[in-house]
Amino acid sequence: MSRPTIGVLALQGDVREHLTALAAADAAAAPVRRPEELAGLDGLVIPGGESTTISKLAVLFGVMEPLRAAIRGGLPVYGSCAGLIMLADKILDPRSGQETFGGIDMIVRRNAFGRQNESFEASVEVAGVEGGPVEGVFIRAPWVESVGAQAQVLAEYGGHIVAVRQGNAMATSFHPELTGDHRVHELFVAAVRAAG
Ligand code: GLN
């Protein structure tokens, strides 16, 4: 598989930024909203945005169950920020009715780094990303409270887990799609190629 086809879940959030980053990382990227659009994808990105809204819209558009099944079936997925929350098996502080796709055995805390006005940038060393730390953009970012035995911690910041991988699923608390540095997307595209 030279140029994998990777969808970006386009219900809400920074879809365009992920499409741009994936194209730069040599993937064929396309927005995905409906269950039938999952067919033929080699991988899927869940963008940053608002996890409560993505959860609601995923149910409304009928992609909640199909996507859960696809992830269980091994579809490679990468989630940033709200996307990390959507990939967690458990949210510590969910809004009432808030659901996730799951896929990574981890417990996440929403808005853990503070509110919108406490957003910040920080250098983060990510396992598997060569060439020095990435600039992590944290916007009302979650952190990972704990991970299960199958999950691998890829990065920590301030003593908290901010990047995780388990099988074909990967997630970051921060937003590499906002920086113009495409190394995290390249890491995901390489994982997609390896899975294919
Ligand atoms: N705090 C948001 C949530 O709960 C995530 C913020 C983001 O994606 N930048 O979904």
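The ligand takes up the space of the largest pocket. The model is predicted. Start at this pocket, then step back to the chain around it.

Which residues surround the ligand? From the early part of the numbering come Gly48, Gly49, Glu50 and Ser51. Cys81, Ala82 and Ile85 join them. So do Arg110 and Asn111. Ile139, Arg140 and His175 complete the shell. Sorted by class, this shell holds 4 nonpolar, 5 polar and 3 charged residues.

Now look at individual atom pairs. Ser51 uses its backbone: a polar atom there is 2.5 Å from an oxygen atom of the ligand. Asn111 uses its side chain, where an N or O atom lies 2.6 Å from a nitrogen atom of the ligand. Arg140 has a charged side chain by class, yet the contact listed here is with its backbone: an N or O atom of that backbone is 2.9 Å from a ligand nitrogen atom. How much of the ligand does the protein cover? On its own, the ligand has 300 Å² of accessible area, and the protein covers 98% of that.

Step back to the whole chain. Its secondary structure comprises 5 helices and 12 strands. Along the principal axes, the C-alpha atoms fill a box of roughly 40 × 40 × 30 Å. Why does the radius of gyration agree with a compact globule? A compact globule of 196 residues would have a radius near 16 Å, and the chain has 15 Å, so the two agree.

Technical notes. Residues numbered from 1 in each chain as written. Predicted model: local features only at pLDDT ≥ 70, side-chain atom pairs only at ≥ 80, totals over all residues. Heavy atoms only, no water. Near = heavy atom within 4 Å. Polar contact = N/O pair within 3.5 Å; in protein donor to acceptor, adjacent residues only side chain to side chain. Areas by Shrake-Rupley, 256 points an atom, 1.4 Å probe, with all protein chains shown as cover. 1 Å grid on protein atoms, 1.4 Å probe; cavity = no way out; pocket = protein on both sides within 12 Å on 5 of 7 lines; lining within 4 Å. Sits in = over half its atoms within 2 Å of the grid points. Helix = DSSP H or I, 4+ residues; strand = E, 2+ residues; numbered from the N terminus. Rg over C-alpha atoms; globule rule 2.2 N^0.38 Å.
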